[in-house]
Amino acid sequence: MESYITLSNGVKMPMLGYGTIGQSGNEITENVAFALNHGYKLIDTANRYGNEVEVGEGLKASGLKREDYFLETKLGPTLYENDGAIDGTLKRLNVDYIDLMILHHPVNNYIYAYKMLEKAYKEGKLRAIGLSNFPVDKIEDVLKNCEIPPMVMQVEGHPYYPAEAAKAFCDAHQIVLQCWFPLGHGSQELLCDPVVVQLAEKYSKTPAQIVLRWHIQMGFCPVPGSKSKDHIRENGEIFDFALTDDDMAAMAGINRHTPFYKVTPESLHRMAVTKCNFEE
């Protein structure tokens with residue numbers, strides 16, 4: 001069954017990724033290596049997560065060749081005018097190239113930062129570039145002012161909030177949607193939703209597996225994170241079954257059109273000024 005999606009520049013990206021937010025030290029090193037050997041081929045991190053060194057160690061510990069996994073990270077907003085930020089990221093991750101680098105938030109001088117991504121892309125340091133959390137008007141700003149269209153947009157997305165506005169725009173511009181909070185930030189309400197539970201019973205799968213399978217069939221690319229190796233393994237086992245059209249219609253019926261994460265002026269300011277742990 002489908003496990004990869006082709007980006008607008010021809011790069012094949014695994015649809016399922018392992019998210020590393022909130023983890024550090026030996027824990028994330030072990031979990032990255034474990035994930036890469038249990039169904040995942042994409043690892044997602046960020047400058048702001050403060051764990052790129054440990055993620056890099058996990059990549060090595062997996063025993064996989066560099067070309068056998070897809071590495072994604074996000075440029076932190078306080079680095080948007082730092083011309084050495086991408087090279088610094090490569091050094092922390094201990095790799096020669098990054099498969100996908102995206103701007104983490106639509107704050108500060110994101111046009112300058114996007115042009116930094118374009119330059120690194122042309123130099124072969126990045127295989128694909130994109131955005132995260134950008135509203136449609138700011139995606140349009142990037143499209144108007146930059147040379148290379150973003151290939152990926154990472155947003156909150158799940159059955160209670162399938163990112164409809166972003167999806168319609170991104171579909172029209174050949175931008176792949178990747179979803180954080182794919183399980184509704186572990187929402188028990190979502191995972192215990194009667195529709196989800198009924199489908200889990202129908203397919204002898206867990207509610208989390210049903211939701212992640214929904215993502216795949218929606219054309220989304222979910223990036224679930226977990227500290228539990230049992231959950232990491234479980235979340236990776238979603239390519240041996242498929243939901244029917246009727247199942248997908250039932251899932252569409254639970255859409256609440258409401259995100260769990262609310263963007264506010266205060267949250268945007270916090271994103272704009274909070275430095276990464278390696279910055280002075």
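Me: Which helix is Arg213 found in?

Reply: Arg213 sits in helix H9, residues 207-218. Keep in mind that this is a predicted model.

Me: Why is Arg213 called buried?

Reply: The cut-off for buried is under 20% relative accessible area. Arg213 has 1% relative accessibility, so it counts as buried. As for its surroundings, the C-alpha atoms of Arg213 and Asn235 are 9.4 Å apart in space, with the two positions 22 residues apart in sequence.

Me: Let's step back to the whole protein. What makes the protein agree with a compact globule?

Reply: Set the two radii side by side. A compact globule with 280 residues would have a radius of gyration near 19 Å, and the protein has 18 Å, so the value agrees. The C-alpha trace spans about 50 × 40 × 35 Å along its principal axes.

Me: How many helices and strands are there, and how much of the protein is buried?

Reply: There are 12 helices and 10 strands. Buried residues make up 53% of the 280. The protein exposes about 12100 Å², and carbon and sulfur atoms supply 51% of that area.

Me: Of the contacts between residues at least 6 apart in sequence, what share joins residues at least 24 apart?

Reply: That share is 75%.

Me: And the charges: how many side chains are positive and how many negative?

Reply: You get 27 positive and 37 negative side chains, and the centres of the two sets lie 3 Å apart.

Me: On to the rings. How many aromatic pairs are there?

Reply: The count comes to six aromatic pairs.

Me: Why is the pair of Tyr110 and Phe134 called edge-to-face?

Reply: Two tests apply: centres within 6.5 Å make a pair, and planes over 60 degrees apart make it edge-to-face. The rings of Tyr110 and Phe134 have centres 5.2 Å apart and planes at 85°, so both tests are met and the pair is edge-to-face.

Me: What makes this a link between distant parts of the chain?

Reply: Look at where the partners sit. Tyr110 is in helix H4 (residues 110-122), while Phe134 is in the loop between strand E7 (129-132) and helix H5 (136-145), and the two are 24 residues apart.

Me: Are Tyr110 and Phe134 buried or exposed?

Reply: Against the under 20% limit, Tyr110 has 11% relative accessibility and therefore counts as buried. Phe134, at 3%, counts as buried too.

Me: How do you know how to class the pair of Trp180 and Phe181?

Reply: The reasoning runs as before. The ring centres of Trp180 and Phe181 are 4.7 Å apart and the planes are at 75°, so this pair is edge-to-face. Trp180 and Phe181 also form one aromatic cluster with Tyr261.

Me: What makes the phi of Ala163 worth a look?

Reply: Most residues other than glycine have a negative phi. Ala163 has a phi near 50°, a positive value in a residue other than glycine. Ala163 is placed in the loop between strand E8 (152-156) and helix H6 (164-172). With a relative accessible area of 4%, Ala163 is buried.

Me: Where is Gln174, and what is its phi?

Reply: Gln174 lies in the loop between H6 and strand E9 (176-180). Its phi is near 55°, again a positive value in a residue other than glycine.

Me: Why is Gln174 called exposed?

Reply: Exposed means over 50% relative accessible area. Gln174 has 61%, so it is exposed.

Me: How do you know whether Gly63 is buried or exposed?

Reply: Use the over 50% limit again. Gly63 is at 63% relative accessibility, so it counts as exposed. Gly63 is found in the loop between helix H2 (52-61) and strand E5 (70-75). The C-alpha atoms of Gly63 and Ala33 are separated by 7.9 Å, with the residues 30 apart along the chain.

Me: What about Lys122: why is it classed as it is, and which residues does it touch?

Reply: Lys122, in helix H4, has 53% relative accessibility and so counts as exposed. Leaving out residues up to four places away in sequence, Lys122 touches Glu147 and Ile148.

Me: Where is Lys275, and which residues does it touch?

Reply: Lys275 is in the segment after helix H12 (265-273). Not counting residues up to four places away in sequence, Lys275 touches Thr78 and Glu280.

Conventions:
Residues numbered from 1 in each chain as written. Predicted model: local features only at pLDDT ≥ 70, side-chain atom pairs only at ≥ 80, totals over all residues. Heavy atoms only, no water. Helix = DSSP H or I, 4+ residues; strand = E, 2+ residues; numbered from the N terminus. Rg over C-alpha atoms; globule rule 2.2 N^0.38 Å. Buried < 20%, exposed > 50% of the residue type's maximum accessible area, 1.4 Å probe, protein only. Contact = heavy atoms within 4.5 Å. Areas by Shrake-Rupley, 256 points an atom, 1.4 Å probe, with all protein chains shown as cover. Lys, Arg positive; Asp, Glu negative; His and termini not counted. Charge placed at Lys NZ, Arg CZ, Asp CG, Glu CD. Phe/Tyr/Trp six-rings, centres within 6.5 Å; stacked < 30°, edge-to-face > 60°.
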